[in-house]
Amino acid sequence: PGTWDLSVIASFNYTGANTISLINISGTSNTIVGNLGDAYAQWSQANIAGFVATLSVPAFRVVITANTTIFGVGQANYSTGAVSVNARLSAIRVG
């Protein structure tokens, strides 16, 4: 428990055509939260093969009152090829 600054950064590497890359700080595994606000970043644009999108959500402050698991969640929408993602979620206790 405590006050935390959470950050997430992710790099999406597409081998084919892509349309959307997004990241989110979420309290639920594999779930983009409904109220996206400051805990969310998105890149929406069709691109050619070999495109790399890097997104970040810096210093999103949360107050946690009980032990809680927080997730960095990513989503990649693409129509051809494949995508690989490297990501990092970090937390700094500030109170």
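F12, Y14 and Y78 form one aromatic cluster. The model is predicted. Its chain holds zero helices and six strands. Three of the strands form an open antiparallel sheet, and a search of the whole structure finds one salt bridge.

**Aromatic cluster**

- The count of aromatic pairs comes to three.
- F12 and Y14 make a stacked pair, with 6.4 Å from centre to centre and 10° between the planes.
- F12 counts as buried because its relative accessibility is 0%.
- Y14 has a relative accessibility of 1%, so Y14 is buried as well.
- Y14 also pairs with Y78, this time edge-to-face. The centres of Y14 and Y78 are 6.5 Å apart, and their planes meet at 65°.
- Which strands does the pair of Y14 and Y78 tie together? Y14 belongs to β1 and Y78 to β5 (residues 71-78), so the pair ties together parts 64 residues apart in sequence.
- Y78 is partly exposed, at 39% relative accessibility. That value falls between the 20% and 50% limits, so neither "buried" nor "exposed" applies.

**Open sheet**

- The strand order is β4-β1-β6, and the pairing is antiparallel.
- Which strands stand at the edges? They are β4 (52-64) and β6 (83-93). Each has a single partner strand, so one side of each is left without a neighbour in the sheet.
- Neighbouring strands of this sheet are turned by 15° against each other on average, direction ignored.
- Strand β1 spans residues 2-14. Its antiparallel pairing with β4 is made by 11 bridges.
- Across that pairing, L6 stands opposite F60 in β4.

**Salt bridge**

- D5 and R61 form a salt bridge. Their closest N and O atoms are 2.7 Å apart.
- The salt bridge links distant parts of the chain. D5 sits in β1 and R61 in β4, with these positions 56 residues apart in the numbering.
- Is D5 buried or exposed? D5 is buried, because its relative accessible area of 16% is under the 20% limit.
- R61 is exposed. Its relative accessible area is 52%, and the cut-off for "exposed" is over 50%.

**Surroundings of T3**

- T3 is found in strand β1.
- With a relative accessible area of 19%, T3 falls under the 20% limit and therefore counts as buried.
- Which residues does T3 touch, not counting those up to four places away in sequence? They are R61, V62, V63, I92, R93, V94 and G95.
- R61 thus appears both among the contacts of T3 and as the salt-bridge partner of D5.

**Whole chain**

- From the N terminus on, the elements run β-β-β-β-β-β.
- Along the principal axes, the C-alpha atoms fill a box of roughly 45 × 20 × 20 Å.
- The chain has 95 residues, and buried residues make up 26% of them.
- Take the contacts between residues at least 6 apart in sequence: 75% of these join residues at least 24 apart.
- The accessible surface comes to about 5,500 Å². Carbon and sulfur atoms account for 53% of that surface.

Definitions and conventions: Residues numbered from 1 in each chain as written. Predicted model: local features only at pLDDT ≥ 70, side-chain atom pairs only at ≥ 80, totals over all residues. Heavy atoms only, no water. Pairing = 2+ DSSP bridges. Helix = DSSP H or I, 4+ residues; strand = E, 2+ residues; numbered from the N terminus. Axes fitted to C-alpha atoms, helices over the stretch in contact; angles between N-to-C directions. Phe/Tyr/Trp six-rings, centres within 6.5 Å; stacked < 30°, edge-to-face > 60°. Buried < 20%, exposed > 50% of the residue type's maximum accessible area, 1.4 Å probe, protein only. Contact = heavy atoms within 4.5 Å. Areas by Shrake-Rupley, 256 points an atom, 1.4 Å probe, with all protein chains shown as cover. Salt bridge = Lys/Arg side-chain N within 4 Å of Asp/Glu carboxyl O.
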